[in-house]
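Me: I am new to this structure and should be grateful for a close look at a single part of it. Please describe the surroundings of the ligand, and then place them in the wider setting of the protein.

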Amino acid sequence: MEKTLVLIKPDGVKRNLIGEIIARCEQKGYSVVDLKLTSPSREVLAAHYAEHEGKSFYEPLMEFMSSGPIVAITLQGQRVIEGFRSIAGTTDPTTAAPGTIRGDLGRDWGTTVVQNLVHGSDSPESAARELKIWF
Ligand code: DAT
Ligand code: MG
């Protein structure tokens with residue numbers, strides 16, 4: 001069965017949205033098969049966001065992702081990679097569709113890096129790579 005990495009980022013944890021976000025995953029029909037609250041090292045974050053190294057928002061992104069604990073989840077189900085990205089919504093929470101996690105629960109807080117509550121792997125290759133980093 002397909003698996004994806006879901007992260008509830010520090011903003012989601014700080015805003016007490018862990019339950020709401022997991023509920024949306026479960027209501028969609030996906031199963032949580034592994035889960036932990038973790039404060040990742042710089043090495044873990046650098047591996048996770050290797051594709052963004054050198055971009056203008058890279059350092060703010062690393063700082064934001066280090067600003068508090070993160071919930072890491074292995075979510076399972078048929079086509080869960082695509083399905084979780086769909087219920088998460090697009091990257092920018094200001095314009096993410098209503099009904100999505102980012103669209104309903106997120107907004108622009110005026111920060112350099114977009115704070116958008118969740119991460120979801122974007123392909124089977126990313127999911128395999130990221131799950132190895134976090135679990
Ligand atoms: P996603 O999380 O939707 O897969 P991504 O992988 O392109 O988006 O970027 C990772 C995170 O970096 C994203 O969740 C928020 C932040 N980010 C992306 N593009 C940004 C930008 N242009 N300005 C500020 N932050 C950005
Ligand atoms: Mg991404």
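Reply: An oxygen atom of ligand 1 is found 2.8 Å from a side-chain N or O atom of arginine 85. The model is a predicted one, and each distance given here is computed from it. Histidine 52 also has a polar side-chain atom facing the ligand, 3.0 Å from an oxygen atom of ligand 1. Asparagine 116 places a polar side-chain atom 2.8 Å from an oxygen atom of ligand 1. These three residues belong to a longer list of surrounding residues, which also includes Lys9, Tyr49, Phe57, Leu61, Thr91, Arg102, Thr112, Val113 and Val114.

One of these surrounding residues, Tyr49, is also part of a nonpolar core of 14 residues, together with Leu5, Leu131 and Trp134 among others. That core is separate from the largest one, which has 19 residues. Within the largest core, Ile21, Leu75 and Phe84 have the most contacts. At least two residues each come from strands S1 (3–8) and S3 (70–76) and from helices H2 (18–28), H5 (80–88) and H6 (101–105). Helix H5 gives the largest share, 4 residues.

Phe84 deserves a further word. Beyond its neighbours within four places in sequence, phenylalanine 84 is in contact with Thr4, Val6, Cys25, Tyr30, Leu75, Ile101, Val118, His119 and Gly120.

Aromatic rings elsewhere complete the description. The whole structure contains 0 aromatic pairs. Two rings do, however, have a charged group over them: arginine 107 lies over tryptophan 109, 4.1 Å from the ring centre, and lysine 36 lies over phenylalanine 135, at 5.1 Å from its ring centre.

Terms used:
Residues numbered from 1 in each chain as written. Chains lettered and ligands numbered in written order. Predicted model: local features only at pLDDT ≥ 70, side-chain atom pairs only at ≥ 80, totals over all residues. Heavy atoms only, no water. Core = buried A, V, L, I, M, F, W, Y, C linked by side-chain atoms within 4.5 Å. Buried < 20%, exposed > 50% of the residue type's maximum accessible area, 1.4 Å probe, protein only. Contact = heavy atoms within 4.5 Å. Phe/Tyr/Trp six-rings, centres within 6.5 Å; stacked < 30°, edge-to-face > 60°. Lys NZ or Arg CZ within 6 Å of the ring centre and 35° of its normal. Near = heavy atom within 4 Å. Polar contact = N/O pair within 3.5 Å; in protein donor to acceptor, adjacent residues only side chain to side chain.
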